[in-house]
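Trainee: Could you take me closely through one helix of this model and what surrounds it, step by step? I would like one connected account rather than separate remarks.

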Amino acid sequence: MASFENIKRVGVIGAGTMGRGIVMNFINAGYPVTWLDVNAEMLEKGVDEIRNVYKRSVAQQRFDEAEAKARVDRVSTTQQYNDLNDMDLVVEAVYENMDLKKKIFADLDKAVKQGAILATNTSYLDIDEIASATQRPSQVLGLHFFSPAHIMKLLEVVRGKATAQDVMDTCLAVGKKIGKEAVLAGNCHGFIGNRMLEKYSRQARLLMLEGATPWQIDTALQGFGMAMGPYRMYDVVGVDLGWRSRQLAGVGRGEPVVWLDNKLCEMERFGQKSGHGFYKYEPGSRQAIHDPETDMMAREVAEEAGYTQRDIGDDEIVERCILALVNEGARILDEGFAESAEDIDRVYRFGYGFPAERGGPMAYADSLGLDKVLAKIREFEADQGEFWKPAAGLVKRAEAGERFTRS
């Protein structure tokens with residue numbers, strides 16, 4: 001039976017950015033980590049980068065050189081699955097490809113001792129399908145870290161249909177030990193955070209086609225208190241991620257909501273990493289600088305897509321983006337993919353920069369009054385259709401004069 005005390009040795013698979021951040025979480029908390037990647041050069045580079053992060057921490061007097069060395073010494077690297085045989089927990093963090101993940105889990109299942117927990121860091125792929133590649137689906141679950149993984153506080157612990165209760169409890173406790181806000185989520189596309197984000201992002205993109213500029217949308221949402229607006233977030237994550245996956249899937253241009261992204265990527269404006277995306281960046285700086293050329297391109301894309309643009313106020317931007325989060329959050333509660341409204345709020349405060357003073361999307365909806373929220377959503381539904389169909393749980397609570405949160 002899995003228990004928190006039994007997690008002594010951790011394996012991590014994948015030497016990319018996420019893998020590196022995940023390794024640091026565990027070595028920072030005192031766990032020895034065996035880090036596996038098929039590419040020895042990537043592993044070497046990864047360890048060097050961890051060393052550099054700690055050098056900066058020493059320079060900032062967060063801890064001394066002896067502590068930095070002790071942390072790095074907890075990492076051993078390998079290209080062989082057999083070297084993971086005595087791990088108690090293994091976290092896979094390779095890119096989002098179902099066939100690759102299933103192959104890795106089949107290999108892990110053969111190599112790693114019985115009783116060990118196998119976790120995937122997927123952001124949206126089906127945990128049950130990944131678990132089906134093993135003979136131990138009860139010991140498989142999602143541990144969805146947020147980027148940069150050694151800094152972001154949120155950890156979604158995603159249960160598959162076969163995941164054992166003791167495995168979930170163990171991983172929630174491990175999450176706490178490595179300094180995370182660990183939230184239990186059900187296995188649906190995007191889990192809690194990214195499933196809601198999809199609706200929020202869609203509204204931000206539609207608002208752009210209807211007449212708001214990316215800069216205005218970000219400014220309005222940052223004025224509401226979001227740590228960064230959606231377009232700044234795309235620049236940080238990389239505008240090219242979605243573009244490359246559309247290209248790989250061979251879906252052509254996609255629908256008009258992604259045409260501006262496509263245009264930017266064709267110009268090699270991939271975001272912060274290339275010095276230019278929706279915003280401009282000075283060399284070596286992460287400071288987003290408003291680019292009027294982006295606004296002009298947004299207008300051209302809208303025109304090409306047949307939209308008649310209009311003046312859009314900041315209030316409409318905030319209402320549509322935030323209420324899209326609330327309505328999807330209510331749907332997630334209805335379907336049982338979150339344990340509570342408070343858990344949804346924790347996901348948004350700790351993973352998506354929702355303003356702490358507003359409590360989270362569900363608490364914010366409570367503060368407005370669910371009757372008013374429902375009335376506004378019905379108004380949007382009459383105007384814009386199916387997207388805004390109110391969640392059954394929202395209707396029920398609003399009509400009964402209830403709230404989402406307990407406080």
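Mentor: The expected span of a helix is 1.5 Å times one less than its number of residues. With that in hand, and keeping in mind that this is a predicted model, consider helix α16, which runs over residues 370–384 and has 15 residues. From its first C-alpha to its last, α16 reaches 20 Å, close to the 21 Å expected at 1.5 Å a residue.

The next matter is how α16 is covered. Its buried residues are L370, V373, L374, I377 and F380. Seen down the axis of α16, these buried residues fall within an arc of 120°, so they line one face of the helix. The spacing has a general background: an α-helix has 3.6 residues a turn, so residues three or four places apart point the same way. On the other side of α16, K372, A382 and D383 are exposed, that is, over 50% in relative accessible area. As for partners, the buried residues of α16 pack against α13, against α15 (361–368) and against α17 (392–400). Just after the helix, G385 takes a positive phi of about 90°.

One of those partners, α13, leads on to a cavity. A search of the whole structure finds 1 cavity of 30 Å³ or more, and the largest cavity has a volume of about 30 Å³. Its lining is made up of K199, A324, N327, E328, R331 and F387, and helix α13 (residues 314–334) provides the largest share of that lining, with 4 residues. Sorted by class, the lining comprises 3 charged, 2 nonpolar and 1 polar residues.

For a second helix to set beside α16, take α7 (residues 193–210), whose 18 residues should span 26 Å at 1.5 Å a residue; its end C-alpha atoms are 26 Å apart, which agrees. Helix α7 is mostly covered, since 14 of its 18 residues are buried. Just after α7, G211 takes a positive phi, here of about 145°.

In the loop between β8 (181–186) and α7 one finds F191, a residue other than glycine whose phi is nevertheless positive, near 55°. F191 counts as buried because its relative accessibility is 0%. A positive phi, near 60°, also occurs at E268, again a residue other than glycine, which lies in the loop between α11 (259–266) and α12 (292–304). E268, however, counts as exposed, because its relative accessibility is 58%.

How values were computed
Residues numbered from 1 in each chain as written. Predicted model: local features only at pLDDT ≥ 70, side-chain atom pairs only at ≥ 80, totals over all residues. Heavy atoms only, no water. 1 Å grid on protein atoms, 1.4 Å probe; cavity = no way out; pocket = protein on both sides within 12 Å on 5 of 7 lines; lining within 4 Å. Points joined across faces, edges and corners; volume = space filled by probe spheres on them. Helix = DSSP H or I, 4+ residues; strand = E, 2+ residues; numbered from the N terminus. Nonpolar A, V, L, I, M, F, W, Y, C, P; charged D, E, K, R; others polar. Buried < 20%, exposed > 50% of the residue type's maximum accessible area, 1.4 Å probe, protein only. Arc of directions from axis to C-beta. Contact = heavy atoms within 4.5 Å.
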